[in-house]
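Biologist: Could you take me through one part of this model in close detail, starting with a charged pair on the helix and working outward from there? I'd love one connected account.

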Amino acid sequence: MEGEGRHAAIRLPEGSWWDWDVVSWNAGQLRLAAGHDLAYHHGLELVFDDPVFVSCPSSFHDPVFRAPSSEELLDITRHLGGELPVVVAFEADAGGPEPASCLVAAGRLEIVRETVLRYWREDAAPSQRFAPWVRSPGRR
């Protein structure tokens with residue numbers, strides 16, 4: 001994280017991270033994926049462990065990450081009964097007339113940079129992984 005304080009703006013690694021979507025979300029983890037075109041693969045994931053508050057669209061473009069405002073932090077603290085280690089705020093193009101204001105509060109954030117394939121490939125390298133919904137032919 002970049003800047004002053006516990007809840008500063010996150011800093012992404014160099015890359016083309018224009019296209020974003022929710023790869024998976026359950027009670028224990030939220031994964032946001034990014035790349036320059038999500039049709040075939042993505043190269044970056046923001047992995048939020050123990051997400052307790054999520055306000056963002058399922059897909060969006062060109063997010064601008066920022067430090068959460070003091071009002072957002074106060075609101076999260078009041079609703080959840082205490083301060084959380086990770087609060088990430090950003091504005092993004094979600095297809096509407098104005099940018100969507102997004103906020104995620106969680107216990108932990110990990111930024112993972114690796115190629116994740118979004119379709120089955122026989123010739124995938126052993127080091128490559130597949131998105132959760134990809135199944136090999138013949139496997140259900």
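Modeller: Happy to, and let's begin with D75, keeping in mind that this is a predicted model. D75 has a relative accessible area of 33%, so it counts as partly exposed. Its side chain meets that of R78 in a salt bridge, with 3.8 Å from N to O. Both residues belong to helix α1 (residues 70–80), and because they are 3 residues apart there, about one helical turn separates them. R78 is exposed, because its relative accessibility of 55% is over the 50% cut-off.

Now for what the helix rests on. α1 packs against the sheet, where it touches β4, β5, β6 and β7, and its direction makes about 50° with that of β7. The sheet itself is open and has 9 strands with mixed pairing, in the order β4-β7-β6-β5-β1-β2-β3-β8-β9. At its edges stand β4 (53–55) and β9 (129–130); each has a single partner strand, so one side of each has no neighbour in the sheet. Further in, β1 (residues 19–26) and β2 run antiparallel and are joined by 7 bridges. One of the residues to look for here is D21, whose bridge partner in β2 is A33.

Next comes the nonpolar packing. The largest nonpolar core holds 18 residues, and W20, L32, L46, F48, F65, V88 and F90 have the most contacts inside it. Two or more residues come from each of β2, β3 (41–49), β5 (59–66), β6 (86–93) and β7 (100–106), with β6 giving the most, 4 residues. If you centre your view on F65 and set aside residues up to four places away in sequence, you will find it touching A9, I10, L12, W20, L46, V88, A89 and F90. Another core, of 6 residues, lies apart from the largest one and includes L84, A89, L103 and A105. As a general background, nonpolar side chains in soluble globular proteins tend to be buried together.

Back to the charged residues, this time on strand β2 (residues 29–35), where R31 is placed. R31 counts as buried, because its relative accessibility of 19% falls under the 20% cut-off. Its side chain makes a polar contact of 2.2 Å with the side chain of E45. Beyond the neighbours within four places in sequence, R31 is in contact with D21, V22, V23, S24, E45, L46, V47 and R129. L46, one of those partners, is also among the residues with the most contacts inside the largest core.

How do the other salt bridges look? The model has 10 of them. R108 pairs with E110, their closest N and O atoms being 3.9 Å apart; R108 is partly exposed at 42% relative accessibility, and E110 is partly exposed with a relative accessible area of 34%. Another joins D123 to R121, with 2.9 Å between the closest N and O atoms. Here D123 counts as exposed, at 56% relative accessibility, whereas R121 is partly exposed, with a relative accessible area of 27%. Salt bridges that share partners also tie R31, E45, E114 and R129 into one network. That brings us back to R31, a buried residue that touches R129 as well as E45.

Technical notes: Residues are numbered from 1 along each chain as its sequence is written. This is a predicted model: local features need pLDDT of at least 70, side-chain atom pairs count only at pLDDT 80 or more; totals for chains, interfaces and linings use all residues. Side-chain values use heavy atoms; hydrogens and water are left out. Buried means under 20% relative accessible area, exposed over 50%, partly exposed in between (1.4 Å probe, protein chains only). A polar contact is a pair of N or O atoms within 3.5 Å; within protein, one must be able to donate a hydrogen and the other to accept it, and residues adjacent in sequence count only if both atoms are side-chain atoms. Contact means heavy atoms within 4.5 Å. A nonpolar core is a set of buried Ala, Val, Leu, Ile, Met, Phe, Trp, Tyr and Cys residues joined through side-chain atoms within 4.5 Å. A salt bridge is a side-chain nitrogen of Lys or Arg within 4 Å of a carboxyl oxygen of Asp or Glu. Two strands pair if DSSP finds at least two bridges between them. Axes are lines fitted to C-alpha atoms, for helices over the stretch in contact, and angles run from 0 to 180 degrees between N-to-C directions.
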